[in-house]
Structures are given as C-alpha cells and as structure tokens.
Amino acid sequence: MVIEHLGDIGKEGTIEEGNFTFRVRILDVKQSYGRTRWLVTPVAGSGEAWTEGIVLQGKSVPPSASSVAAAP
C-alpha cells in the first residue's frame, strides 16, 4: 500500500544492480500493477528511474527481475 511508504519520500536508500550499489534519494512512490514502486535519483550524478527493489533504513523490498526500470 502506497500510504505506508509516503514517509519514505525525501529519504536516501540503496539499489543493487549486478555488481553495483547506488545511493539514491526517493522522489515519489506509487502503486503499479499491484506493486509498490519508488521514483529515485542518484545522490551523486543525474537522472531518475522507477524501481521496485530498494533498501531503506534496514527495511528491504525485494527487487523484481530487473531492480531498476527506465523512467517512462
């Protein structure tokens, strides 16, 4: 449910993709096809992407087949 994750907006977390780990800041959260997704931007760098797999302050949401999807 999105309501329980609204407090995550503005917080930092990490995303793992292959051998890389990225520190990201959460910009938005939404429910898509029954799954919670976060819009994130890197702490260092630029761009943004929707993701389903994020680790945030000790709580982890399991990643989908691809943890980072390109932003629409």
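User: In what order do the elements of the chain run from the N terminus on?

Analyst: The general idea is to walk along the chain and name each element in turn. Here the walk from the N terminus reads β-β-β-β-β-β-β. Put as a count, the chain has 7 strands and 0 helices. Please keep in mind that this is a predicted model.

User: Happy to. How much of the chain counts as buried?

Analyst: Of the chain's 72 residues, 33% count as buried. You can also look at contacts along the sequence: taking those between residues at least 6 apart, 26% join residues at least 24 apart.

User: Which residues make up the largest nonpolar core?

Analyst: First the general idea: nonpolar side chains in soluble globular proteins tend to be buried together. In this structure, the largest nonpolar core has 8 residues, namely Val-2, Ile-15, Val-24, Ile-26, Val-29, Trp-38, Val-40 and Ile-54. At least two of the core residues come from β2, and at least two from β3. The strand that gives the most is β2, with 3 residues.

User: Now the charged side chains. How many salt bridges does the structure hold?

Analyst: There are 4 of them. A good way to read a salt bridge is to ask three things: who the partners are, where they sit in the chain, and how exposed they are. Take the one between Arg-25 and Glu-12, whose closest N and O atoms are 2.7 Å apart. This pair links distant parts of the chain, with Arg-25 in strand β2 (residues 20-32) and Glu-12 in strand β1 (residues 12-17), 13 residues apart.

User: Are Arg-25 and Glu-12 buried or exposed?

Analyst: In between! Partly exposed covers the range from 20% to 50% relative accessible area. Arg-25 is partly exposed because its relative accessibility is 32%, and Glu-12 is partly exposed because its value is 29%.

User: With which residues does Glu-52 form salt bridges?

Analyst: One partner is Arg-35, with the closest N and O atoms 3.3 Å apart. That pair joins distant parts of the chain: Glu-52 lies in the loop between β4 (49-51) and β5 (54-56), Arg-35 lies in strand β3, and 17 residues separate them. Another partner is Arg-37, where the closest N and O atoms are 3.6 Å apart. This pair also links distant parts of the chain, from the loop between β4 and β5 to strand β3, with the two residues 15 apart.

User: Why does Glu-52 count as buried?

Analyst: Buried means under 20% relative accessible area, and Glu-52 is buried because its value is 13%. Arg-37 is buried too, because its relative accessibility is 15%. Arg-35, with a relative accessible area of 42%, is partly exposed.

User: What does Lys-30 lie over?

Analyst: Here you are reading a charge and a ring. Lys-30 lies over the face of Trp-50, 4.3 Å from the ring centre. For ring-with-ring pairing, a search of the whole structure finds 1 aromatic pair.

User: I would like to follow a single residue closely. Where is Thr-41 found, and what does its side chain reach?

Analyst: Start with the element, then burial, then neighbours. Thr-41 is in strand β3 (residues 35-42). Thr-41 counts as buried because its relative accessibility is 16%. Its side chain reaches the backbone oxygen of Gly-47 at 2.6 Å. Leaving out residues up to four places away in sequence, Thr-41 touches Arg-23, Val-24, Arg-25, Leu-27, Gly-47 and Glu-48.

User: Which residue has a positive phi although it is not a glycine?

Analyst: The background is that most residues other than glycine have a negative phi. In this chain, Tyr-33 has a positive phi of about 55 degrees. Tyr-33 is found in the loop between β2 and β3. Since its relative accessibility is 84%, Tyr-33 counts as exposed.

User: One last residue: where is His-5, and how far is it from Thr-36 in space?

Analyst: His-5 is in the segment before β1. His-5 is buried because its relative accessible area is 10%. To read a separation, set sequence beside space: His-5 and Thr-36 are 31 residues apart in sequence and 8.6 Å apart in space, C-alpha to C-alpha.

Definitions and conventions
Residues numbered from 1 in each chain as written. Predicted model: local features only at pLDDT ≥ 70, side-chain atom pairs only at ≥ 80, totals over all residues. Heavy atoms only, no water. Helix = DSSP H or I, 4+ residues; strand = E, 2+ residues; numbered from the N terminus. Buried < 20%, exposed > 50% of the residue type's maximum accessible area, 1.4 Å probe, protein only. Polar contact = N/O pair within 3.5 Å; in protein donor to acceptor, adjacent residues only side chain to side chain. Contact = heavy atoms within 4.5 Å. Phe/Tyr/Trp six-rings, centres within 6.5 Å; stacked < 30°, edge-to-face > 60°. Lys NZ or Arg CZ within 6 Å of the ring centre and 35° of its normal. Core = buried A, V, L, I, M, F, W, Y, C linked by side-chain atoms within 4.5 Å.
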